[in-house]
Every structure is written in structure tokens, then in C-alpha cells.
Amino acid sequence: MSSNPVVLITGASRGIGAATAIHFARHGYDICLNYKTNHVQAKKVAQQVEGFGVKVVMLQADVSSEEDVIAMFESIDNTFTKLDVLVNNAGILKPQMKLIDMDANRINEILMMNVTSAFLCCKEAIKRMHNGGSIVNVSSGAAKTGSANEYIDYAASKGALDTLTIGLAKEVAQQNIRVNGVRPGLIYTGMHRDGGEAERVDRLKQKLPLGRGGEPEEVAAAIYFLGSEQASFTTGSFIDVAGGL
Ligand code: NAP
């Protein structure tokens, strides 16, 4: 049985999640790699992770489904005796529109995917963090800006995630479990294509003080810092990785 620390990263088949899996693997963590649909891409990430000599388990699950989340954590139990770090990274956004054009189906799907999913994964992770642990919630700079005219629903979901981070950090501190958040902004990933504008980062980057878009690896470094023992006295805190936004 491996004595490496174990991290579960949700939504790790591409983008920030994939970069985070590789970053933790580089630092000697065994990786539980969750994805929803893209098995081929997840397999590629898993192969990169294995290149660091650590163990990787691929876990297909829709983290907005309670049934899937429970089954995913039971699969982890079959391979590992503990869980050290949870990264709630999986998240979606929908095509840009004003609130006046949004229907309840869209809003509820965003909340289920970006908020309920994190609650469910935190619940199952905490049950397994017997000797303490760490949770990192991947929020967004949108939680502070509100994303007017684009996706207020998404921004509000990230605001809820930040409140979960603040409350849960206090709730589990006595169990030596830390809970922190990272707020990326304008990172080059496929998410913007799903949001209806693949070139969105390049359109907006000049408005950032740093004048450029971010790379997934730059977010992964902040997630790793907060998730690992490097941040052993930090809980209920946030790092903005958004070029000065
Ligand atoms: P991305 O490239 O679109 O990747 C999303 C990942 O989440 C994929 O691996 C996808 O898996 C997975 N996923 C989606 N729905 C899922 C579900 N229900 N269950 C399990 N996995 C699911 O996204 P990203 O840009 O890397 O974003 C990662 C996180 O950073 C998100 O929470 C996002 O809100 C946040 N963020 C991103 C930016 C940015 O500029 N990119 C800015 C602020 C915040 P499959 O492909 O297998 O379906």
C-alpha cells in the first residue's frame, strides 16, 4: 500500500483540473481523477500523472448527482485507506445572456453543478479525513464582479461556494480540516467555448492590470499551495489568480 498523500480532484480531464492533477502528482501525491464524460482525455491526463511514479485512479462521476458522488467515494475506499485533500474544481457555465432571458432550468443546473456538487463532495470527504485534511474550492473572480450581462447565475454560484468555504472552514477546524478557496479569472481553457465565446480571454485580457490571460498551471500552483501542508495555518482564506482583477 502506497504511503503517499491522496488527493481527489473533480473535473480533472482538462483545463485547471488536469493541470492540478499533474501539479499534485509532481509533488508525490496519489491522484483520484474525476471526470464526467471525456474518458479519452481523462486517460491522457492519467498517463501524464503516472509518469511521476504515483498511483492514479480514474473516477467517472457526475458530481452534481448524490448517487454518483457516493459511488465515487466508495470506489476511493476500495483503493485508499484515507483521503488527504479534496479539490472541488468541476464547474460549468452556460452561454452568455442577461438574467431577464434565463429560465429556472438553466439557473438550477448551474447551482446543482457548481454548488450542490461541492457540498456533496465536502460531506463525503470529511467523513474520510480521520487525521485532518484539506479542501480547496475552485471559485471565480466572478463571485466578486457579478458577471453582469454574461452569466449572473454562474457568478452567484461562485459566491455561494465562497460562503460554503467560509462556513465549513469554521465548522471543521477542530477536526484539523482546512477549507480554502481559489478564485481564478480569465484562464485559457475550453470553458469559455462552452460559455459561447471561445476567444473571451483574448477579448478581455487588456482590461486586467497584468494585461494577459492566465494559464491553468498558474491556478494549479495556488490550489496546491492551499491544499498542501505549505498552507498549514491557513483556513477560510482565498487566493485570487486573476491578473489583478
Ligand atoms: P473546463 O476546461 O471546462 O473543464 C471542466 C472540467 O469539469 C472537465 O474535466 C469536465 O469533465 C468536468 N465536469 C463538468 N461537469 C462535471 C460534472 N457534473 N461532474 C464531474 N465533472 C464535471 O473548465 P476550467 O476552465 O478548467 O474550470 C475549472 C474550474 O475553474 C471551474 O470551477 C470554473 O468555474 C473555474 N474557473 C475557471 C475560469 C477560467 O477562466 N477558465 C475562471 C474562473 C473560474 P468532462 O470534460 O469529462 O465532462
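This report looks at the ligand site and one aromatic pair in a predicted model.

Local features need pLDDT of at least 70, side-chain atom pairs count only at pLDDT 80 or more, and totals for chains, interfaces and linings use all residues. Residues are numbered from 1 along each chain as its sequence is written, and side-chain values use heavy atoms, without hydrogens or water.

**The ligand**

The ligand is surrounded by 31 residues (a heavy atom within 4 Å). The closest include Arg 14, Thr 37 and Tyr 154. By class, this shell has 14 nonpolar, 13 polar and four charged residues. Asp, Glu, Lys and Arg count as charged, and Gly is among the polar ones.

Three polar contacts (N or O atoms within 3.5 Å) are listed here.

| Ligand atom | Protein partner | Distance |
|---|---|---|
| oxygen | Ser 13, side-chain N or O | 2.6 Å |
| nitrogen | Val 63, polar backbone atom | 3.0 Å |
| oxygen | His 192, side-chain N or O | 2.9 Å |

The protein covers 96% of the 910 Å² of accessible area that the ligand has on its own (Shrake-Rupley method, 1.4 Å probe).

**An aromatic pair**

The whole structure holds four aromatic pairs (ring centres within 6.5 Å). One of them joins Phe 24 and Tyr 224 edge-to-face, at 4.9 Å centre to centre and 70 degrees between the planes. Edge-to-face means planes over 60 degrees apart. Phe 24 lies in helix α1 and Tyr 224 in helix α9, so the pair ties together parts 200 residues apart in sequence. Helices here are DSSP runs (H or I) of at least four residues.

Conventions
Polar contact = N/O pair within 3.5 Å; in protein donor to acceptor, adjacent residues only side chain to side chain. Phe/Tyr/Trp six-rings, centres within 6.5 Å; stacked < 30°, edge-to-face > 60°. Helix = DSSP H or I, 4+ residues; strand = E, 2+ residues; numbered from the N terminus.
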